Amino acid sequence: MKALIARSYGPLEDLDFADLPTPVAGPGQLLVRLEATSLNAVDKVLVTGAMREAMPVRHPFVPGVDVSGGVEAVGEGVTRFSVGDAVIAWNSVTAGALAEYIVIDDAPSVALRPAALTPAQGAALSTGALTAAALLDAVRAPRSGSVLIVGAAGGVGSFTVQLARQSGLTVLATGRADDEDFLRGLGAQYVLDYQAVDIAEETHRLVAGGVDTVIDLANAGPALAATAAAAKAGGQLVSPLGGPSAFERGVTAVYTGTRTPQGRLEELAGQAAEGRLRVEIDSDYPFGQADRALVAFASQHIRGKVTVTF
């Protein structure tokens, strides 16, 4: 099978295509023929080795954690899925989705793809929506509370805005000036241009005392202090990227990542199929240009997701 591979840790520009053996489904596994995948920040981390001590990979390494395709074979013990089923999945840092075939575990991270979703939409859903839902699980704001979402225009952010509005929160979202219509279309009541204003100051101007929770998808480590300042005294910061346990004025922190509780991916896919959750695709590349897609994804301002279609 054809696959996009990293032969060693290095820049995204070093990725190239190779022929690899087609994998075989073992007990409790599915062999999926890829129809689409989507790109995520973790792809760059795994390829470059930026966090190799925490998340090492074996080479040749095939990036890609979002799976959308058809089941070609099922291993012993698999009863939820059959050959021919259309499925979507989040494959964790195991990756491997930038290839013609992939083996995945039969787990809560796999769901049937509704007929109303295209392969690309299914691929764009998994990591972004699952991560957004996990972040909102950590939010302790009251249902009538407020949240500032930093990095709202991206793949995870676009779902976080929508799910926050569904939960009844007042949503402030950061983006560029030309992202305003996009973010308001997703449900943000206020859009803050991070290139033009001080985010914490503008938040306090819009919400007296600050928001109940800041969800920061863009910053990590000490840089989180600047956005934590937008929270009210005793408020909360939630992030998937890691940083201090607490900040000034009693603002506490929760760090969480993608989670796959039973039934959640099915629920999110159902919302998307019914039109209650928008799946925003910034651009779609053919598999033969997957290397260019990753370089562009890592270097450009993205609204929603970047997908690769086979």
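Leaving aside its neighbours within four places in sequence, which residues is Val-161 in contact with? In this predicted model, the list runs to Ile-149, Ala-152, Val-171, Ala-173, Leu-183, Leu-186, Gly-187 and Ala-188. That makes Val-161 a handy place to start a tour.

## Around helix H3

Val-161 is one of the buried residues of helix H3. The helix covers residues 155-166, 12 in total. From its first C-alpha to its last, H3 reaches 18 Å, close to the 16 Å expected at 1.5 Å a residue. H3 is mostly covered, with 9 of its 12 residues buried. Besides Val-161, the buried set includes Gly-155, Phe-159, Thr-160 and Leu-163. Just after the helix comes Gly-168, and its phi is positive, near 95°.

Gln-162 also sits in H3. Is Gln-162 buried or exposed? Its relative accessibility is 7%, so Gln-162 counts as buried. Setting aside neighbours within four places in sequence, Gln-162 is in contact with Leu-186, Arg-276, Leu-277 and Arg-278. Leu-186 turns up in the contact list of Val-161 as well.

## The nonpolar cores

Here is a general point to keep in mind: in soluble globular proteins, nonpolar side chains tend to be buried together. The largest nonpolar core in this model has 68 residues. Val-161 is among the residues with the most contacts inside that core, along with Leu-39, Leu-98, Leu-125, Ile-149, Leu-183 and Ile-215. Helix H2, residues 119-137, gives the most to this core, with 8 residues. There is also a second, separate core of 17 residues, and its members include Leu-148, Ala-200, Val-211 and Ala-231.

Two of those names come back in the strands. Val-211 has Ala-231 as its bridge partner in E12. The strands involved are E11 (residues 211-216) and E12 (residues 231-239), which pair in the parallel sense over 4 bridges. E12 is also joined by 4 bridges to strand E13 (residues 252-255), again running parallel. In that pairing, Gln-236 stands opposite Thr-252 in E13.

## Salt bridges

How many salt bridges does the structure hold? The count is 16. Here are three of them, with the N to O distance for each.

| Pair | N to O distance |
|---|---|
| Arg-113 and Glu-35 | 2.9 Å |
| Arg-184 and Glu-180 | 2.9 Å |
| Arg-276 and Glu-274 | 2.8 Å |

The pair of Arg-113 and Glu-35 links distant parts of the chain, 78 residues apart. Arg-113 is in the loop between strand E7 (110-112) and H2, while Glu-35 is in strand E3 (residues 29-38). Arg-113 has a relative accessible area of 13%, so it is buried. Both residues also belong to a wider network of salt bridges that links Arg-33, Glu-35, Glu-72 and Arg-113.

Arg-184 and Glu-180 make a more local pair: both lie in helix H4 (residues 180-186), 4 residues apart, about one turn of the helix. Arg-184 is partly exposed, at 39% relative accessible area. Glu-180 is partly exposed too, at 33%.

The third pair brings back Arg-276, one of the residues in contact with Gln-162. Arg-276 is partly exposed, with a relative accessible area of 47%, whereas its salt-bridge partner Glu-274 is exposed at 56%.

## A few backbone oddities

Which peptide bond is cis, with omega near 0°? It's the one from His-59 to Pro-60. Pro-60 lies in the loop between helix H1 (41-48) and strand E4 (66-74).

Positive phi values also show up away from glycine. Ser-92 has a positive phi of about 55° although it is not a glycine. Ala-95 is another such residue, with phi near 60°. Ser-92 is found in the loop between strand E5 (86-90) and strand E6 (101-105), and Ala-95 is found in the loop between E5 and E6 as well. Their surroundings differ in cover: Ser-92 is partly exposed at 25% relative accessibility, while Ala-95 is buried at 3%.

Notes
Residues are numbered from 1 along each chain as its sequence is written. This is a predicted model: local features need pLDDT of at least 70, side-chain atom pairs count only at pLDDT 80 or more; totals for chains, interfaces and linings use all residues. Side-chain values use heavy atoms; hydrogens and water are left out. Helices (H or I, at least four residues) and strands (E, at least two) are DSSP runs, numbered from the N terminus. The expected span of a helix is 1.5 Å times one less than its number of residues. Buried means under 20% relative accessible area, exposed over 50%, partly exposed in between (1.4 Å probe, protein chains only). Contact means heavy atoms within 4.5 Å. A nonpolar core is a set of buried Ala, Val, Leu, Ile, Met, Phe, Trp, Tyr and Cys residues joined through side-chain atoms within 4.5 Å. A salt bridge is a side-chain nitrogen of Lys or Arg within 4 Å of a carboxyl oxygen of Asp or Glu. Two strands pair if DSSP finds at least two bridges between them.
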